[in-house]
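Reader: I have a chain pair on my screen and a few labels I'd like explained. Could you walk me through them?

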Protein chains: 2
Amino acid sequence: MPRVKNFNAGPAALPLPALERARDEFLDFAGSGMSVMEHSHRGKEYEAVHDEALALLRELLGVPDAYDVLFVQGGASQLFAQIPMNLVEKGRGADYLVTGAWGEKAFSEAKAATAMLGASARLAGTTGEGEGKEKRYVRAATAADLQVSPDAAYLHLTSNETIHGVQFAVDPARPFPDAGKVPLVADMSSDFLWKPVDVSRFGLIYAGAQKNIGPSGVVVVIVRKDLVAAGRKDIPKIFQLRTPAENKSLYNTPPTFGIYMIRNVLAWLKGLGGLGAMEQRNRAKAGKLYGVIDANPGFYRCPVERESRSVMNVVFRLPAEADEERFVKEAKAKGMVGLKGHRSVGGIRVSTYNAVEPAWLDELCAFMQDFAKRG
Amino acid sequence: MPRVKNFNAGPAALPLPALERARDEFLDFAGSGMSVMEHSHRGKEYEAVHDEALALLRELLGVPDAYDVLFVQGGASQLFAQIPMNLVEKGRGADYLVTGAWGEKAFSEAKAATAMLGASARLAGTTGEGEGKEKRYVRAATAADLQVSPDAAYLHLTSNETIHGVQFAVDPARPFPDAGKVPLVADMSSDFLWKPVDVSRFGLIYAGAQKNIGPSGVVVVIVRKDLVAAGRKDIPKIFQLRTPAENKSLYNTPPTFGIYMIRNVLAWLKGLGGLGAMEQRNRAKAGKLYGVIDANPGFYRCPVERESRSVMNVVFRLPAEADEERFVKEAKAKGMVGLKGHRSVGGIRVSTYNAVEPAWLDELCAFMQDFAKRG
């Protein structure tokens, strides 16, 4: 079957050159007579890949020397618990800014993790209106939404809410908040490496790989070394961030094939011109899509406020659910898949991660114009 | 480069048919026009793979209905902490039987995990002689080595010690211990599925995939449902075993490609005749190797007592370290790799996991005979 246009929210499309490279050397990695996944994680062949992936992350993001770059397991969902386990103390809890479903989950797990250690997690701000499943998150937070405790161990936010299509720092009017001396911790799972980021503004950045940089099963953590050093020591070693930091993420066997795929994706990204070029490409892709939505106001409707519209996950509604079903079905017949909105909110969601080709968006936009015209 | 004979201790050799299947459909999984790792974990294409992997585990091992089969992340090293976090209570700690380096690590993490929750972990038996790095583990434990607390939450053991080459239940004289009503918890990472096992004798079995059943990044857990139900609820959701149990291991994004590879390996294993056939094949492989060692008593020396010799990791020494270096080097020139013993104990280690072909052992044994003759 020819390659489909994959708009999945994650696991998501990967760059074809990164996949082809893996396929071509799948049985014989670097002339070693075995697959990369059959190599020891302590052997020089795998270690070269591991080191290259870490170096590419540092290079692409311009990570300062004062930060560690780590690979860990368990998904961002595990980090929801593991980060507070490392950073809170009795009397020094964690603050959470919630702008969507993933922020809610992070806050919920932080409550359990901190309670286990005699500390606490606190809601420092939210853009959710109303209660329960109907909560609407239609914008990134501003300073007015936020009250940070000056003694908080950190302030946590979700830079891009995949389900609600709400993103920080796309528009200058919705920058990452200023938490003063309180370190900013950001879950960047669904917008990691979409554009250059000033890492020095954060205490910790983490991202599950399966949206923008690789397959599922690996999480990248970028963390200030002083936070690692000050982290709790009374939790199991495997959960201490100092364990991967002190062992180059090779304390126990890492998910070697996933890290290899990340290396392939990052090499492709660098070849395209790095994060500056990627930002242009991503803004153009999403811009085209929002353009079609706004050009058909009677038919398509994006619930997200203009300044907070995500460049990674474009969500919108059609006049009726039946129209949405027909939209998904017709698009699929044209080789465009992964367009159904998250089951908790419905509608359409177009994920336009780095690996999504601009030409796919052209095709989707043409389809959307035609679909709206037909009504 | 032609395929090498890979005796790595883990990540380890995978069956060629399982790799070829993955290579052939790497860019177009099941005619879907995308790689399996680009599929949503909630889509029907991936879910079919996920379900098949779980069903094959149940079928091959004959897992009783009273048990859950789970996929989790973090490696066995994470389970070292996660299992006590689920199962201990105040006043009801965990017992550990230590027969090698991995048992030591499991016990050490259990101490940290239980202390965090106001409980404790206790050494119920060990076969380590002396202290520190020089500790020698040369046999599996017997009833005489063990004192189980009748009120322990569980008794933990490592069924096969990868570094020390010591294994339970190879010889009838070294069966898995009887802990009475205390549930037996076994880390089977390096001998999972090497032969049929009576699952009903265990409360919980866990195994990192990267030895016998797949790439690194996935852990299989087989656990009695009543233990899951009684597990602690005051730890983060992501660490509770009920979370994967209640969500078919799809609570958060699982390592989909790793689980897909496990499916491929299990399908291959079933095609070879299942665990009974695999046991015959594995015993024959290891038997040949120990035969060469015993036939050259002045040259090769296996430190492990006969009844406890591992069928998965055959460790032995040569007269001098210089001989061992030459052995590894000459074998490598003949396409046999991964033979160096673990850095903590030295010597030679031949890992003969399921995917290691009997013909590779024939070749290695011929080389060993010749090498000994040359001296």
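Author: Sure, here is what the labels rest on, one by one.

Author: Ground rules come before the labels: this is a predicted model, where local features need pLDDT of at least 70, side-chain atom pairs count only at pLDDT 80 or more, and totals for chains, interfaces and linings use all residues. Residues are numbered from 1 along each chain as its sequence is written, chains are lettered from A and ligands numbered from 1 in the order in which they are written, and side-chain values use heavy atoms, with hydrogens and water left out.

Reader: How do you know what confidence chain A has?

Author: From pLDDT, the predictor's confidence in each residue, which runs from 0 to 100. Chain A averages 96, and 98% of its residues score at least 70. For the model, ipTM is 0.98 and pTM is 0.98.

Reader: What makes the two copies related as by a two-fold rotation axis?

Author: In general, two copies of a chain are related by a rotation about an axis and a shift along it. Here, chain A lands on chain B after a rotation of 180° with 0.0 Å of shift along the axis, at an RMSD of 0.0 Å. The copies are therefore related as by a two-fold rotation axis. The same surface serves both, as 100% of the contact residues of chain A recur in chain B. The fit is by least squares on the C-alpha atoms of residues with pLDDT of at least 70 in both copies, and contact means heavy atoms within 4.5 Å.

Reader: How many residues are in contact between chain A and chain B, and what area do they bury?

Author: 63 residues of chain A are in contact with 63 residues of chain B. The two chains bury about 4,900 Å² between them, 60% of it on carbon and sulfur atoms. Buried area here is the accessible area (1.4 Å probe) that two parts lose on being put together, summed over both. On the chain A side, L27(A), E38(A) and M116(A) lose the most area to chain B, together 13% of what that side buries.

Reader: Why is the pair R3(A) and E38(B) called a salt bridge?

Author: The term asks for a side-chain nitrogen of Lys or Arg within 4 Å of a carboxyl oxygen of Asp or Glu. In R3(A) and E38(B), the closest N and O atoms are 2.6 Å apart, so the pair meets the rule. The count between chain A and chain B is two salt bridges. Helices α1 (16–24), α3 (75–87), α4 (101–116) and α7 (256–271) of chain A each supply at least two residues of the side that touches chain B.

Reader: What about E363(A) and K5(A)?

Author: Their side chains also form a salt bridge, at 3.0 Å from N to O. This one links distant parts of the chain: E363(A) is in helix α10 (residues 358–374) and K5(A) in strand β1 (residues 5–6), 358 residues apart. Helices (H or I, at least four residues) and strands (E, at least two) are DSSP runs, numbered from the N terminus. Over all chains, the structure holds 48 salt bridges.

Reader: Which peptide bond of chain A is cis?

Author: The one joining G10(A) and P11(A), with omega about -10°. P11(A) is in the loop between β1 and α1 of chain A. In chain B, the bond from G10(B) to P11(B) is cis as well, with omega near -5°.
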